[in-house]
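Please open the model in your viewer and keep the selection panel at hand. The stops below are given in the order in which they may be selected.

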Amino acid sequence: MLKKQPNMNVGAAGLFILFSLLFFILIYRFATIQATGEAHGKALAARAQQKYSRENVIEASRGTIFDRNKEVIAEDTTAYTLVAILDKKMTSDPEKPRHVKDPEKTAEVLAKYIEMEESEIYDRLTKEGVFQVEFGKAGRDISHQVKAKIEKEKMPGIIFTQDSKRFYPNGVFSSHLIGYVEKEEKETGKTETVGQLGIEKSFDKYLTGKNGSIKVENDLWGFLLPDAKKEIKPATNGSDIYLTLDKKIQTFLEDAINRVDKEYSPEKIIAVVANPKTGDILAMAQRPTFHPKTREGLEQSWHNEVIETSIEPGSTMKIFTLSAAVEEKVFNPNELFKSGTYKVTPKSVAIRDHNGGKGWGPISYLEGIQRSSNVAVATLVNEKIGVDTFRDYLTAFGFDKPTGIELPDEVSGRVLYKWPIEKITTSFGQGTTVTPLQLVQAATAVANDGKMMKPNIIDKIVDPNTGKVIEESKPQVAGTPISAETAKEVREILETTITDEDGTGGNYKINGYDVAGKTGTAQIPGADGRYMTGHENFLFSFLGMAPTDDPELVVYVAVQQPEIDESTNGSVPVSEIFNTVMKSSLQYLDIQPSKQGKVTSNKVPDLSNMSVEKAEKQLKNIGLKPVVIGQGTRVERQTPASGTEALEGERVIIKTSGKITAPDLSGWSLRDVMKFAQTAGLKLNKAGSGYVSKQSIKAGATVKQGDYLIVELATPLQQVEAEEKAKESKKKQENSEQTEEVTD
C-alpha cells in the first residue's frame, strides 16, 4: 500500500486556495460591472457601441455667391481626388489586382493627366509601408471628364474619392472682390475649405457650412446588421450671399478692360461702376488680375486696388474743390483770374498750370475749370474758400476714413495738410492720397443731389436651409457735404469740361447722353521719391456720371503708365473703357438717350504716297483710327478718300504693298467693315445688326481679291447674352455628366 506524501497535500491545498481566491475575484468583478456598467472608469456600453457602429461624414456645401439678379458667381460642384492603393494585401485574386502593380507604367500614364512630373509620381507610388497615397494639389479637384479618361486607362490600384470644389463659372470676374478658396489641412488631419481674399474671406463664417453625420450599427466584420438603427445628423449648408454686382455690367467692364490692357499694356488699370442713389457697387475690376480657379496671375497683385491702395487723385479732386466753392457761394464763373503760375507764399514753390506754367492769360474761373487749371482751384481755396473751411469739406466728403464697405483690408488715404503749400496742392489732387472707392463715394454726393451714399457690395445673406434672410442691406447716407442746388450746379459745370472746345474731357462725349465729369493726370512717385517724368508716366483717370440732370451711374476709371506715343493723349485708353461701359450700361438699364447729340466730324486728309508712320500720326491727331493692311512702308490707297467727312473715332483703311492679312474685326461697325472689304477687294456678306461678333476669315489670315468675307453683327447686350447662354449650356452639360457619374 502506497503512502501519501505530505508535500502533495500541501500543494493541493495551496492550489485550491489560489483558485478559490481567483473565483471570488472574478465573481466580485462581474457583480461590480453588472452594477455600474463601467470598467476601468469607462462605459462598456459606449465602447461596444463604438466598436459595432460606423460613422460617415455628411459634407456640408459652401454657400453660393450670386449677383443682384440671382446669377451664380461662385458655387460648390462635384470634384474628385486621385488615390493610389499600394498595399498588396488588397489583392486577393492575382488575375484582378487591386493595388498598383506596375508603378513605372502607372506613373507614365498619370503624368499625362495631372500636373506632376512622372518621376515624382513614381516616387509616391513606390513608398514603402503605406496603404495608399495621394498626389497633393495636382490630384485634387479633378473634373469628371479627366476622371473618365484616367479610368479608361484601366490602371490597377487607381481609384477616386468624391469631393467638392469651388466653381467660378465666369472665370476672371471681379476676382479680387470675389476672392477664392483653398483647402487647408488642420492639426486633426481633416481638410477644411477656407476663403482667401474678397467676399470669400470676409464672409467665410457665413459661407462655411457645418458637416453632418450618419451612424449605423454593424457586426464585427463591418457588415450592416439587419434592422440596424441609423442616427442621422443632417449637414447645415453655408449661407448664400447675394451681391450688388450686376453680371452684365461687370461683363461690359471686364471686356473693355481686356481690350485696353491688350492694346496699351499699362502697369495698372482700376475701374468701379456704382449706383449713386443707393451706393450699390455694380462692377469692380482691375489689372493685373487672376483666375479664381487656377490662381494664374495672383502673384502679380494680391491687393484689391480699389480699396487697399491709396493714390494721388490728380485733377479728379477738383470736383470737390469746385463743390466747396459753389456751396460757399464764392464761385463766380465769369470772374477773371491770372492763369499760369501762382505762389501760396512768397517763399513757396510756384504752382503751375499743366501747359508748363504758360497758362492762358486772364481767364474766367469757369474756363479755368474747363481747362483743368491748377491755378484756378489754388486761388479759390487760398483766397476765397479758406484753407480751414476747405479742410472741413475734405472731412465731409469722407476723405479722412475708410468707407466701411464689406470687404477685407480696406485702407484710407492720407490728407497732407500741415504746410501752406500742402493745403493748396490738395485742391488739385497732389500730395494728398485717397482710395478709388473714397473718390466714388464722394462723387455720389454730387450725383445724388448732395446725399453721399456709403458704398455697398452686399444685397442680402440667405439661409438656404430655411430660406430665411439673415441680413439685408439698406442704402445708407454717409453724409450731406453739399446741398442739392450745389450738386446740380456742379454737374452742369462739369458737363462743360466735356462739351466745351476748351475742355479737357472731349474724349468722353457719348452720343445721346449728357456726361458730367473730370479728367485726372496724376504724377507717380518714383523709387527715389521724386515724381517720374515722361509722356506716359502718369496715372490717367476720369471720374464721371450720367445722365447729367439725374445721374444713374458713377464710373471711375484709372490707367497707369499705358504704352502710348507722343501723339496720343493719356485720356484715350481711359475713355475707351469709360465710354464703352457707361453707354452699354445705360442702354442695358433702359435709360433713354436725352438727345441725339452732336458728333464731331473731320475731313479725311490726303495720305497718298505718305509714309505709314506719318499717316497714322496725322489721322490720330484729328480723332480718326488708322488701320494698316499690307506690309509696305508707304500708302498706296486709302478709304475713305481724301476730303470725305468722317466721324470722330471712325476707322480709315490704309493699304500698302505686299500681302494683305485680315485684321481682328471684333467690335467694328458695319461701315468700317465695308471700307476694309472695299479696299481689300473682298465680297462681303453680313447678318444681324450692331457690331461684329464673328468673322469668317480669321484675324491674321492672308486674303486675296475676290475672297468672301462673312460677318455676324450683334449689339453689346446681345453679345453678352450670347456669352452667358454658352456658359450656361456648358455648365448644364457638366452638371449632367456629373449626375450620370453619381447614378452609375
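A residue is called buried here when its relative accessible area is under 20%, exposed when it is over 50%, and partly exposed in between, with a 1.4 Å probe and protein chains only. The model is a predicted one, in which local features need pLDDT of at least 70 and side-chain atom pairs count only at pLDDT 80 or more, while totals for chains, interfaces and linings use all residues. Residues are numbered from 1 along each chain as its sequence is written, and side-chain values use heavy atoms, with hydrogens and water left out.

**Aromatic pairs**

Begin with Phe337, which counts as buried because its relative accessibility is 6%, and add Tyr365, which also counts as buried, at 3%. Rings of Phe, Tyr and Trp (for Trp, the six-membered ring) are paired if their centres lie within 6.5 Å, and planes under 30 degrees apart count as stacked, over 60 as edge-to-face and the rest as tilted. The structure holds 11 such aromatic pairs.

Select Tyr180 and Phe290 next: their ring centres are 5.8 Å apart and their planes stand at 80 degrees, so this pair is edge-to-face. Tyr180 belongs to strand β8 (residues 180–185) and Phe290 to the loop between β14 (281–287) and α10 (305–308), so the contact ties together parts that are 110 residues apart in sequence; helices (H or I, at least four residues) and strands (E, at least two) are DSSP runs, numbered from the N terminus. Both Tyr180 and Phe290 are buried.

Returning to Phe337 and Tyr365, you will find a stacked pair, with 4.8 Å from centre to centre and 25 degrees between the planes. Phe337 lies in strand β15 (residues 336–338) and Tyr365 in helix α12 (residues 365–370), so this pair ties together parts that are 28 residues apart in sequence. A further selection, Phe320, Phe397 and Phe399, shows one aromatic cluster.

**Salt bridges**

Now display the charged side chains, where a salt bridge is a side-chain nitrogen of Lys or Arg within 4 Å of a carboxyl oxygen of Asp or Glu. A search of the whole structure finds 27 salt bridges. In one of them Asp204 is paired with Arg62, the closest N and O atoms being 2.8 Å apart. Asp204 lies in helix α8 (residues 204–207) and Arg62 in the loop between β3 (53–58) and β4 (65–66), so the pair ties together parts that are 142 residues apart in sequence. Asp204 is buried, with a relative accessible area of 18%, and Arg62 is buried as well, at 6%. Extend the selection to Asp76, Arg166 and Glu200, and you will have the network of salt bridges in which these residues are linked with Arg62 and Asp204.

Which residue meets Arg371 in a salt bridge? The partner is Glu367, at 2.6 Å from N to O, and Arg371 counts as buried at 17% relative accessibility. Then go to helix α20 (residues 670–680), where Asp672 and Lys675 lie 3 residues apart, about one turn of the helix. Their side chains meet in a salt bridge of 2.9 Å, N to O; Asp672 counts as buried at 4% relative accessibility, and so does Lys675 at 7%.

**Backbone details**

Two peptide bonds deserve a look at their omega angles. The bond from Arg287 to Pro288 is cis, with omega near 5 degrees, and Pro288 is found in the loop between β14 and α10. Ala546 and Pro547 are likewise joined by a cis peptide bond, omega being about -15 degrees, and Pro547 has its place in the loop between β24 (538–546) and β25 (553–560).

For phi, select Ser265, which is not glycine yet has a positive value near 45 degrees. Ser265 lies in the loop between α9 (247–264) and β13 (268–274) and counts as partly exposed at 34% relative accessibility. Asn609, in the loop between β26 (601–603) and α19 (612–621), has a positive phi near 60 degrees and is exposed, with a relative accessible area of 54%.

Finish at Gly512, in the loop between α17 (484–499) and β23 (516–523), which is buried, with a relative accessible area of 7%. Adding Ser594 shows two C-alpha atoms separated by 5.9 Å, although Gly512 and Ser594 are 82 residues apart along the chain.
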